[in-house]
Amino acid sequence: MPIKKTPAKTPAPTRRSPIARSEGERRLIEAADTLIHHKPFSEVSLREIALLADVNHRFVHAWFGSKNDLLHAVARQKFRVIAENVSKAEPGAPGIDFWDAEVRLAVRLIIWLDIEGFDTRGSLDNMPIVEALTQRFIEVEKIDPSIAREAATQAITIGLGAGTFGPILGIDDVSKILPIMKLWRHIVGLLAEHPPK
């Protein structure tokens, strides 16, 4: 009589430990950030993000709303880091390095979200990056506080434009943007000396 083989037991799936919402959100943002460094934004899936974060993918909808809301949180986190770097920059040095890979990724992500129809208004407004640059213009560059925010907004606009469209225009490294940055530094100096009436 043949001996019956006992079927091999399949290991029980490992269960994710319950986590606090703040920890889950942090993990999801970090996982999404990791994935967008290696794949086009449109090809990153919620399941991939959740798997890498070791968080149930349903929590993305509960905590963020959608993949694009999660990616917007990633961009906002990047802008917070950029703002921290603005406040640490040496006097006379640019507050933001628009050729930095992380800065360019944040900008590309915001542009992609906008193209996807996501409401990106306010992504930079009332953000630490605008506030940090405004403070820098007041404290370091000595620009009149009444125009410092507008000068910061203008500087960000110029930098984002150069960093985003520079490669298309053949400005593919920081040395080629130095003349633009020197001109802007000159304008900042003029604003400090002769504030508009």
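**Figure 1. The whole chain, seen by its surface and its helices.** Accessible areas come from the Shrake-Rupley method with a 1.4 Å probe. For this predicted model, the accessible surface of the protein comes to about 12,300 Å². Carbon and sulfur atoms account for 58% of that surface. Of the 197 residues in the protein, 37% are buried. What about secondary structure: how many helices and how many strands are there? The protein has eight helices and zero strands, so if you follow it from the N terminus you read α-α-α-α-α-α-α-α. Take the contacts between residues at least 6 apart in sequence, and 67% of them join residues at least 24 apart.

**Figure 2. How confident the prediction is, helix by helix.** The average pLDDT for the protein is 82, and 87% of the residues score at least 70. Where is confidence highest, and where is it lowest? Helix 1, residues 21–36, comes out highest with a mean of 95. Helix 8, residues 174–193, sits at the other end with a mean of 76.

**Figure 3. Inside the largest nonpolar core.** In soluble globular proteins, nonpolar side chains tend to be buried together. Here, the largest nonpolar core holds 56 residues. Which of them touch the most other members? Those are Leu-28, Ile-96, Leu-109 and Phe-137. The elements giving two or more residues to this core include helix 1, helix 2 (46–53), helix 3 (58–63) and helix 4. Helix 5 (101–115), helix 6 (128–139), helix 7 (145–165) and helix 8 are also on that list. Helix 4 gives the most, with nine residues.

**Figure 4. Phe-137 and Thr-134, with their contacts.** Zoom in on Phe-137, one of the core residues that touch the most other members. Neighbours within four places in sequence aside, Phe-137 is in contact with several alanines, namely Ala-148, Ala-151, Ala-152 and Ala-155. Its other contacts, with the same neighbours left out, are Lys-142, Ile-143, Trp-184 and Val-188. Thr-134 is part of helix 6. Is Thr-134 buried or exposed? With a relative accessibility of 7%, Thr-134 counts as buried, because the cut-off for buried is under 20%. Setting aside its neighbours within four places in sequence, Thr-134 is in contact with Ala-148, Arg-149 and Ala-152.

**Figure 5. Salt bridges along helix 1.** The protein has eight salt bridges by count, and this view shows some of those in helix 1. Arg-21 pairs with Glu-25, their closest N and O atoms being 2.7 Å apart. Why are these two separated by about one helical turn? Because they are four residues apart in helix 1. Arg-21 is partly exposed, with a relative accessible area of 44%, and Glu-25 is partly exposed too, at 22%. Arg-26 and Glu-23 form another salt bridge, at 2.6 Å from N to O. Both lie in helix 1, three residues apart, which is about one turn of the helix. Each counts as partly exposed: Arg-26 at 37% relative accessibility and Glu-23 at 27%.

**Figure 6. A salt bridge from helix 4 to helix 1.** Lys-78 forms a salt bridge with Asp-33, with 2.8 Å between the closest N and O atoms. Lys-78 lies in helix 4 and Asp-33 in helix 1, so this pair ties together parts that are 45 residues apart in sequence. Lys-78 is buried, with a relative accessible area of 7%. Elsewhere, salt bridges that share partners join Glu-23, Arg-26, Arg-27 and Glu-30 into one network.

**Figure 7. Lys-67, a buried charge with no salt bridge.** Lys-67 is found in helix 4. How far away is the nearest side chain of opposite charge? That side chain is Glu-116, 7.2 Å away. Lys-67 is buried yet has no salt bridge, since a salt bridge needs the nitrogen and the carboxyl oxygen within 4 Å. Which residues does Lys-67 contact, leaving aside its neighbours within four places in sequence? They are Phe-41, Ser-42, Val-44, Leu-46 and Trp-112.

**Figure 8. Asn-56 in its loop.** Asn-56 lies in the loop between helix 2 and helix 3. With a relative accessible area of 25%, Asn-56 is partly exposed. Asn-56 and Leu-28 are 28 residues apart along the chain, and their C-alpha atoms are separated by 9.9 Å.

Conventions. Residues numbered from 1 in each chain as written. Predicted model: local features only at pLDDT ≥ 70, side-chain atom pairs only at ≥ 80, totals over all residues. Heavy atoms only, no water. Buried < 20%, exposed > 50% of the residue type's maximum accessible area, 1.4 Å probe, protein only. Contact = heavy atoms within 4.5 Å. pLDDT = per-residue confidence, 0-100. Lys, Arg positive; Asp, Glu negative; His and termini not counted. Core = buried A, V, L, I, M, F, W, Y, C linked by side-chain atoms within 4.5 Å.
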